[in-house]
Amino acid sequence: MSSWSALTTLPGKAPAEALGASIETLDPAPMGVGVFEMEDGSGLWEIGGYFNESPDPIKLDLLAAVHGARPFAVSEIPDKDWVAEVRRELAPIAAGRFFLYGSHDADKVPDGAVGLLIEAAMAFGTGHHGTTKGCLLELESLLQKGLQAESVLDLGCGTAVLAMAAAKIWPGQFWASDIDEVATQTATANIGVNDLAGRISVVTAAGLDHPELKAAAPYDLIFANILKGPLIELAQDIGAATANGGQVILSGLLVHQQKDVEKAFKNQQFVARHYTQLGDWVAITMQKMA
């Protein structure tokens, strides 16, 4: 049985969320609605409705006009085993000593590698995106320099792959947080299948606004693989939560956004130490000076 997607874009979070709410009132009703900031630095948000039957094009045109959005692009999605499809496309990824794989590739983990199991059905944050792999390569760089971290936070954790990588290396205290409850549920599941239950505490929170995260600070290392805007907005909070001499690994950034983010963190007494560029994406390591 086929399904349909209807996608458009709008500048600004509030207008995009308003349009997303309007899509939910359509008849036929969508089986799901997504509102996401695009990662190209354009300031645009993508709004999508997903339907079990073909949506009414006239109603979609009216919604787009009322909200000042571009016309919806409607596509039929053929019935397909998407998990099987993703498994075929998501080959294992090596990033320094770390090896990310799905259960179908468990026999491919090299001897001596730090294996991280991420199922294909939980593809966000598997390491195939340049930002996640870049963060792992920045962690590898710090490890080669002898970093020892006792308290680590994975902020905006997604699947918690970065928190798990740290927990596989060090015996300290680890935290993973995300604003999205689905992400924290996914993170908890991934932590369990990697035999790290009890080693990493997972919370749902906006930024560092959670009593457990505040109580656990300061952190020796913070991963923040999010986006330019939130990184700049959270720079002061991240700075306050980082121990003197501590490190932050920042990503979710296009190369041309690097200087703006570095500036925001330099204003919080950080200095840039290293970066990894993969395609259009960059991950930066910065250190808080006492």
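The legends below describe close-up views of a predicted model. Residues are numbered from 1 along each chain as its sequence is written. In this predicted model, local features need pLDDT of at least 70, side-chain atom pairs count only at pLDDT 80 or more, and totals for chains, interfaces and linings use all residues; side-chain values use heavy atoms, with hydrogens and water left out.

**View 1. The antiparallel sheet β2-β3-β1-β4 and helix α1.** This open sheet has 4 strands in the order β2-β3-β1-β4, with antiparallel pairing. Helices (H or I, at least four residues) and strands (E, at least two) are DSSP runs, numbered from the N terminus, and two strands pair if DSSP finds at least two bridges between them. At the edges stand β2 (32-37) and β4 (73-77), each of which pairs on one side only. From one strand to the next the twist averages 20°. Strands β1 (residues 3-11) and β3 (residues 44-51) run antiparallel and are joined by 8 bridges; L7 stands opposite G48 in β3. Helix α1 (residues 13-23) lies across β1, β2 and β3 and runs at about 10° to β3. Axes are lines fitted to C-alpha atoms, for helices over the stretch in contact, and angles run from 0 to 180 degrees between N-to-C directions; contact means heavy atoms within 4.5 Å.

**View 2. The mixed sheet β5-β6-β7 and helix α5.** Here 3 strands form an open sheet in the order β5-β6-β7, and the pairing is mixed. The edge strands β5 (93-95) and β7 (114-117) each have a single partner strand, so one side of each is left without a neighbour in the sheet. Neighbouring strands are turned by 25° against each other on average, direction ignored. β5 pairs with β6 (residues 98-101) in the antiparallel sense over 3 bridges, and the bridge partner of I93 in β6 is L100. Helix α5 (residues 161-169) packs on the sheet and touches β6 and β7; its direction makes about 145° with that of β7.

**View 3. G102 in the loop between β6 and β7.** G102 lies in the loop between these two strands. G102 is buried, with a relative accessible area of 6% (buried: under 20% relative accessible area; exposed: over 50%; partly exposed: in between; 1.4 Å probe, protein chains only). G102 and L117 are 15 residues apart in sequence and 5.6 Å apart in space, C-alpha to C-alpha.

**View 4. The two sides of helix α9.** In α9 (residues 258-266), the residues Q258, V261, E262, A264 and F265 are buried. These buried residues cover an arc of only 160° around the axis, which puts them on the same side of α9; the arc is that of the directions from the helix axis to the C-beta atoms. K259 and K263, on the other side of α9, are exposed. The cover over the buried residues includes α8 (228-241), β12, β13 (270-278) and β14 (281-288).

**View 5. T242 and the aromatic pair F265-F270.** T242 lies in strand β12 (residues 242-254) and is buried at 2% relative accessible area. Among the residues that T242 touches, not counting those up to four places away in sequence, are P218, Y219, I222, F270 and K288. F270 and F265 form an edge-to-face aromatic pair, 5.5 Å centre to centre with 75° between the planes. Rings of Phe, Tyr and Trp (its six-membered ring) pair if their centres lie within 6.5 Å; planes under 30 degrees apart count as stacked, over 60 as edge-to-face and the rest as tilted. F265 is buried at 0% relative accessibility, and F270 is buried at 2%.
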